[in-house]
Structures are given as C-alpha cells and as structure tokens.
Amino acid sequence: MDSGNGTGRFFRTESGAGLALISPTAIYALLMLAAPLGAILLYSVFKDGYLEIIREFTLANYIEAWTNELYRQVMIRSLFVSLSVTVVTVLLAFPVAYFVSFHVAPSRKSLWLFLITIPFWTSYLIRVFLWKVILGYNGVVNSGLLWTGIIDEPLQWINYNVGAVVTTLAHAYAPFAILPIFVALEKIDRSLLEAGQDLGESKFRTFLRVTLPLAMPGVVASVLIVFIPTIGDYVTPQLIGGPEGRMVANLIQLQILKLDNYPLGSAIAVSAMAIVTAISLLFLLMTRRYLKGPK
Amino acid sequence: MTIEKPEMIEFRDVHKYYGDYHALRGITASIRAGEFFSLLGPSGCGKTTLLRTIAGFEGISSGAVLIDGKNMAGVPANKRPTNMVFQSYAIFPHLTVEENVGFGLRRDPRSKDEKTRAVAEALEMVGLKGYGKRAAHALSGGQRQRVALARALILKPKVLLLDEPLSALDKKIREQMQLELIRLQREVGITFVLVTHDQEEALVMSDRIAVMFEGEIAQLADPETLYRRPASRKVADFIGTMNFLPAKVVAEDANHTDVEVAGFGRMHLSKDQVMAGNGGEGASVGFRPETLTILFDGQQPTDRESMGTITEVVYYGDMTYYDVKLDGTEEPMRISMRNVFGRPVLDIGTRTRVAWSPGALVLFR
C-alpha cells in the first residue's frame, strides 16, 4: 500500500498536480503583477506631502483625477486614440486574415504567418522611430512629395499629432489583430460555406450569414488585444504624438516621475484601468451571443 | 396534359481534370425523375466529384450536365434546383435547429408565421418534433443528419444530393436511417442521388446504382442485376463476395457458350450469363457463396453435385461461411449456409457434397 505523507498525496491528486504545475507562473504573477497593483491602489488613496507620502486615507486624488479638465481631456483623447486604432487595425486585419485563411494554399499558410510577424523582428522602439523618420518634417513622405513637386513646403499635419499616433499604433498591433481572426476563420468548416450557397445564398450573403458570425470570437479577441494595450501606450505618443498627442500613460509618467506626485499618478492609473475594464466588459456583454461557442 | 420527363439529370460525356489528374473520364448517364439513385465505388473513383458537379460546387472540363432538361453550365450552386446533405452534415453551429432548417427560406415570399409552420412541419417529417429551439451543437450525429435533411427538403428541390450521409453513424442508427431515407424519398417523391462506398447500403436503398471505378461508370443497373449479373469481374468483386474459377471456352454459338471448369465439368451457359471484362486473363466463372449449397445426409441435389473438403468455418450467428476445396480445383470456394433450426455447423476437414447449378454462375471473358 502507498503510504506517502500528506503533501505527497496532495500533489498526486489531479487538482494538486495542476496547482503544482501552475505555481511558478502563479508566484511570478503575484510578485510582478498583483503586488505592484496593490501598491498603486494603496498610493492612490494616500495623501501627497511635499517630499513624502502621508499614509492617511483620502479620495481627494480621485476627485482631482476625474474633475480636472486637463486630465479628463487626456483620458478622452486616449480613449479616442485607442478606439480609432482598434477600429482601423481590426478592419484592416480582417481582409488579411481572410485572405491567408481562404485563399492561400494550405502548404503556404505558415509562410504567410511568418511574413506577417516580420515587423516583430525589430524592437517596438525602433519601429516607432522609423515612423518618425517616415512622417517627420524632413521625413520620407515630405521629401518625397517635395521632390515630385506635389507640395512646396513640408506637410505639418502628418506628424506630432493624434493621426500620427493612430497610424503608428495600428501598424504595431496589426499582427496581434490578424492572428486571432485567422485562427477563428481556420476553424470554420468549409462545407458550411458550401451549405450556405447550396441553400440559395450568394457568396457575399453566405459570408454575412455564416463566415462573419463564426469569425466573431476572433474579432472580439482582436478588439480586446488591440484596445487594452494601446490605451496605455507610452512610447508612441511620447515620440510621435507631440504636445497634442499626449495620452494617459504620459500623464501618469509626468505625475509620478517628474512631479513626484505618486498618489495622483496612481489615482489616474487606477481610473484608467477601471475605464478600460468597464468598456471591455460592456463590449463582451454586447458580443456574448457570438461567444457561446460550440461544444 | 403533362409531358412526361423521365430524365431528371443527364450527364453528357462529362470530363473533369484536376491539373493532370483525370478525375471524371467521359461520364454519360441519366438519372430518372423520382428515383433513388446511387453512385457507388471505392474512395477516389470520382463519385463525390460527380455529385458535386450536379450541386455546382465543381466545374467540369468538358461535356454537359443537365438538370430537368436545362444545361447547368455557368449556373452557380445557389441557383440550382438541388440541395445537398453533406458528409459532415454542415450544420451551422451558431444557429438553433429551427434557424438551421429555415436558413434557405430568407427569400421565400411567405409570411413569417407560415415559414415557422413550414419549419415545424419539416422537423416533424424527419422525426425531430419539438427540437426547434435547441442549439445545433447539442445534437447527436443522427439528429444532425435529420436536421440536414429537413433543411434541404424544406426547399422542395428537384434533386436531393446525399454525400455519404450515413458513413459517420453507428451500425444500428445507420440501418434505421437507411429505411427512413427510403420512406422519406417515397413520401416526397424527389429524385435522390446518394454517394456511398458501402455496397450493402447501395443495394438496400437504391432503385438503380452506377458503379464507378477510376472516373468511369463500370455498370449502371438495378441492384438485382448488379448482384446477379455483374458486368465485369471488378464489379463482381466490389459488390458482395464472389468465387472465381478459371474456365475454358470449348464451344459457342449465337445464344450459348459451353465452358469447361475444373471440378465442375462442362457447362452450357446462356448468352445473358456471359460478360466481358475479365481483365485480360482468359476466362473465368463466378459463383456467389449462396448459390452453392452444402448437402447434408440424405438431401437430394437440385441440379448437379460435386465432392469437397471443408478447409475453414466462419460462424456469424445467422449464417455460417464455409471454405470448401472441391475435388479437382486449386482454390477453395466460399459457401454461405443459413443456420436454420436443426442444421449442424460442420467441422474443418469434413468431406461434404456440394450442390450447384450452371444457371447461377456468370462467365467473364
């Protein structure tokens, strides 16, 4: 008979083995994610002294974060930018995913996916700088247009504004948006599309009634994968955005590192998180009829 | 006055190439209105390709496919008077049973209530009354099959195409569905075209069967003719079991052929027993296992009789299959005997009398 001690027996049960397997990840996540998050939450309800943090409970930081016109504007701009990026990216990603899934020979698909990931070979920072080179005052676009004589002086509106931020972020997140949609499209049984046509619908109608609803889980995933990180992006608005393109991450950085106001910076960060969570949940709620997946 | 249209589908010298691969090699055949027609053959013989040319999922390289007298060249799948039951059933997983069945009714001019009623009737017809609100992915294989049938039949197509619809089902459910499909077909009177690799299924269900090998129709006939008078050795081998013995043609005239077969002696065969297609290996005769009979003590032969030794016994419950090596032959013959009450199952090595009749065999040359 097996007579192991209590711990040994525990790790041989299925749930025990499962816990043992995820524990390194879980510990890492607790230390690196939950602990800082807890610290931020605490800071956000403390008072800010001149050179130190006064450990007294207050909601003044939140009131400041939600009522100050400047902070509100930055938050709204951040939402606008990330929503624009999401819409642009997902709309552009869908045709690419569709093409690779439906029109590329199966033996070539992995090659195509490989090509789609090429932008990741360079660091994010370098890619952002490259967009600076492309869109800048003496950048590729301007000097090209000047050389061909289409314009007489460099365009100012293509750089250091919200539009430039959207362009740069949409490019950076394209692969993230393509892959979930591609996976969802790959899972669609091709005979379903033949069935749609067999039952009298045109190819386009079949797309609307069969392909699109079945691809929705991938679209939803893409939307969240693009929307959530872009709203907190720091590098692109900092380098490309100019003064008008600053987003919430830049504001947080300013409060915490430049002005040394940890409590207010934390309150803005927590508020931004709450807004992202609320919008994401609302979005999931709206699309839930597409997500009650088969089997 | 009605004009009789006996032909629902007509293939005129249909060829199909996939690159260099010649998938359909000159199919010429017609399927009659209201019949249960099967395309039977091993995998890769082109039967599914042929079915898909009717549905419009597959173009043809040359020739013509006509449905109800109209050439289907250039007519897309959604404009053809055909509906299909797919091998995988192709039930839309994001829709309920009801929405699946009503999928093709979008442009139907009837009111919403009438459509709802039509859907309910279609579900009742396939034995799924009350299942309308269920999620499609919560159904069993047999139920999906029925949904696929209802979804196709509700559109009242001229032709219903069935692509190996029963191959994914358990034996019991499969046999039940076979009978139900026959009943449905008689009820609705629609032309059914079934693709199958299961010869038994084809024999049970069909009015006529086209046996296909390598992109060609080897024989097109009703089940009984196909079984009793297979047009070639290949067809005979594919449908059921057949014993083949080398034969020598010794005399022939316009109506009869005389052959000499080792172990059986000389036989006088009528013209309809003589088939072409022995695959260029001289001549051979074929016996079905049930056309040979083991004679038990005291039984009188019906026609002729030979002696042999049992070399193998396979017991199936209702039947016993014996391999019997007849005196003077090289290979044993397979003989099936029904296990009627009181009849013993014989042992290997038993000497036995075997009765046979020249009328039951087929000559391939």
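In chain B of this predicted model, strands β11 (residues 243–252) and β15 run antiparallel and are joined by five bridges. One point along this pairing puts B:Pro246 opposite B:Ser284 of β15(B). β15(B) also has a partner in strand β21 (residues 362–364) of chain B, again antiparallel, and here three bridges do the joining. In this second pairing, B:Val285 stands opposite B:Leu363 of β21(B).

So what does the rest of the structure do to β15(B)? Strand β15 covers residues 283–287 of chain B, and five of those five residues are buried, so the strand is largely enclosed by the rest of the structure. In a regular strand, side chains alternate between the two faces of the sheet. For β15(B), both faces turn out to be covered. One side carries B:Ala283, B:Val285 and B:Phe287, the other carries B:Ser284 and B:Gly286, and all of them are buried. B:Ser284, the residue across from B:Pro246, and B:Val285, the residue across from B:Leu363, thus sit on opposite sides of the strand.

Stepping back to chain B as a whole, its secondary structure comes to eight helices and 21 strands. The C-alpha trace spans about 75 × 50 × 45 Å along its principal axes. Of the chain's 365 residues, 48% count as buried. As for how chain B is wired together, take the contacts between residues at least 6 apart in sequence: 67% of these join residues at least 24 apart.

Chain B also touches chain A, and the contact takes 21 residues from chain A and 21 residues from chain B. Between the two chains, about 1,900 Å² of area is buried, with carbon and sulfur atoms giving 57% of that figure. On the chain A side, the trio of A:Asp198, A:Leu199 and A:Arg209 stands out: together they supply 35% of the area that chain A buries against chain B, more than any other three residues.

What about specific links across this interface? Two salt bridges are found between chain A and chain B. One pairs the side chains of A:Glu194 and B:Arg52, at 2.5 Å from N to O. Polar contacts between the chains come to 10 residue pairs, counting those with both residues at pLDDT 80 or more. Looking at which elements of chain A are involved, α9 (190–198) and α10 (203–231) are the ones that give two or more residues to the side touching chain B. Of the elements in chain A, α9(A) gives the most, with seven residues. By residue type, this side of chain A divides into seven nonpolar, six polar and eight charged residues.

Elsewhere in chain A, one residue gets a closer look. A:Asn250 is found in helix α12 (residues 248–258) of chain A. Is A:Asn250 buried or exposed? With a relative accessible area of 4%, A:Asn250 is buried, the cut-off for that being under 20%. The side chain of A:Asn250 has polar partners in the backbone. It reaches the backbone nitrogen of A:Met247 at 2.8 Å, and one of its polar atoms lies 3.2 Å from the backbone oxygen of A:Tyr234. A:Tyr234 shows up again in the wider set of contacts: leaving aside neighbours within four places in sequence, A:Asn250 is in contact with A:Asp233, A:Tyr234, A:Pro237 and A:Gln238.

Technical notes
Residues are numbered from 1 along each chain as its sequence is written. Chains are lettered from A and ligands numbered from 1 in the order in which they are written. This is a predicted model: local features need pLDDT of at least 70, side-chain atom pairs count only at pLDDT 80 or more; totals for chains, interfaces and linings use all residues. Side-chain values use heavy atoms; hydrogens and water are left out. Contact means heavy atoms within 4.5 Å. Buried area is the accessible area (1.4 Å probe) that two parts lose on being put together, summed over both. A salt bridge is a side-chain nitrogen of Lys or Arg within 4 Å of a carboxyl oxygen of Asp or Glu. A polar contact is a pair of N or O atoms within 3.5 Å; within protein, one must be able to donate a hydrogen and the other to accept it, and residues adjacent in sequence count only if both atoms are side-chain atoms. Helices (H or I, at least four residues) and strands (E, at least two) are DSSP runs, numbered from the N terminus. Ala, Val, Leu, Ile, Met, Phe, Trp, Tyr, Cys and Pro count as nonpolar, Asp, Glu, Lys and Arg as charged, and the others, Gly among them, as polar. Buried means under 20% relative accessible area, exposed over 50%, partly exposed in between (1.4 Å probe, protein chains only). Two strands pair if DSSP finds at least two bridges between them.
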